[in-house]
Amino acid sequence: MNRYIGRSQNKHFILFLLFVGYLVDYLDRMVMSVAVVSIKEEFNLDAAAVGAILSSFFLSYAIMQIPGGWLTDKLGSRKVLIWSIIVWSVFTVFTGFAWSLISLLVIRFLFGLGQGGYPSASQKGIADYYPRDERPKASAYLMSSNYFGMALAPLVAAPMILFMGWRNMFYVIGLLGILLTIAFWVYFKPKESTASNKTLKENSVPLKELLANSGLWKITVMWFAAGIVNWGLSSWIPSYLMEARGMDLLSMGFYAALPGLSTGVAMLFSGWLLDRFFNNLEKYYAAFGMLMSGIFLYLSLHCGSNGIFESLYDL
């Protein structure tokens, strides 16, 4: 009857595969926040140089978002997903070969270009396998992987750096991309249909009309501000915990994982809460969440001891 018949049995496996892909995606990008403490010492870098290393990824990642969506529409989700994984995995391995600040900046920039294609392709992958009425829930499950990956990174990176060094850690984590590429090559084979492409063209919105939408700009500003807090926290918290709070590497790995873990769990329940209690009141739900994040971030940074800090972080 439609392009989903015959694939209902494997769509949940595809969602799981996309979920694992995002876990590896976030693992590869976030381990730098942990490794940069050791890199800073080895290359004798100051805080500004460390910030440049971290920002080089986000710059290229942001630049690649729109081209990534365009490529996904043109080439299909399968090709973009596979090539994205290959490129970011190669440059994850190359990170272990870095010999200077400049080499790290270039490698991380190219790494970000590789990862920039995965978000749009993964969402297109959901559309390729799930009917329209099931996509919001599937997308919610998929997006929770972002924060679980953020939590996984310090838990994995800290002991690996301690026992094998930061260079070997990047080699090993980069090789995960080979297994992930094989899995997508074998199992991820969506069947594009002429009808779906026709629907895509009919539902497309002109760029001029899109840019004139005030609601779009409001959401963009909101996400921009939230991104400063979220990515600023996740990128700098390992350095902060070790340098300002005096935690050892393993302790830091545990406490740095808590925000991602709690946010991932919250993401799983947010869809249900919004449908049940905040229908047409979504902006209040978002505003309350941002307010609470700001309050606890302030308390965490101004508490007097690690014990209190750790208790606040658990919240």
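This section describes the packing of helices H1, H2, H10 and H12 and an internal cavity in a predicted model. Residues are numbered from 1 along each chain as its sequence is written, and side-chain values use heavy atoms, with hydrogens and water left out. Because the model is predicted, local features need pLDDT of at least 70 and side-chain atom pairs count only at pLDDT 80 or more, whereas totals for chains, interfaces and linings use all residues.

Helices here are DSSP runs (H or I, at least four residues) numbered from the N terminus. Axes are lines fitted to C-alpha atoms over the stretch in contact, and angles run from 0 to 180 degrees between N-to-C directions. The axes of H1 (residues 11–43) and H2 (residues 47–75) come within 9 Å and cross at roughly 160°. The two helices, H1 and H2, are therefore roughly antiparallel, a term applied to angles over 145 degrees. Their crossing is right-handed, that is, the near helix is turned clockwise from the far one by less than a right angle. In contact (heavy atoms within 4.5 Å) are Arg29, Met32, Ser33, Val36 and Lys40 of H1 with Val50, Ile53, Leu54, Phe57 and Tyr61 of H2. By class, this contact of H1 with H2 comprises seven nonpolar, one polar and two charged residues; Ala, Val, Leu, Ile, Met, Phe, Trp, Tyr, Cys and Pro count as nonpolar, Asp, Glu, Lys and Arg as charged, and the others, Gly among them, as polar.

H1 also packs with H10 (residues 214–243) at an angle of about 35°, the axes lying 10 Å apart. This crossing of H1 and H10 is right-handed. The H1 side of the contact includes Tyr26, Arg29, Ser33 and Lys40, and the H10 side includes Trp231, Ser235, Pro238 and Glu243. Eight nonpolar, four polar and three charged residues make up the contact of H1 with H10.

A search of the whole structure found one cavity of 30 Å³ or more. A cavity is a set of points, on a 1 Å grid over the protein atoms alone, where a 1.4 Å probe fits but cannot get out; lining residues have an atom within 4 Å of a point. The largest cavity holds about 60 Å³ of space, a volume being the space filled by probe spheres set on the points, with grid points joined across faces, edges and corners. Its lining consists of Arg29, Met30, Met32, Ser33, Ile53, Leu54, Phe57, Phe58, Arg108 and Ser235. H1 and H2 are the elements that give two or more residues to this lining. The lining of the largest cavity has six nonpolar, two polar and two charged residues.

Key:
Parallel < 35°, antiparallel > 145°, perpendicular 65-115°, else oblique. 1 Å grid on protein atoms, 1.4 Å probe; cavity = no way out; pocket = protein on both sides within 12 Å on 5 of 7 lines; lining within 4 Å.
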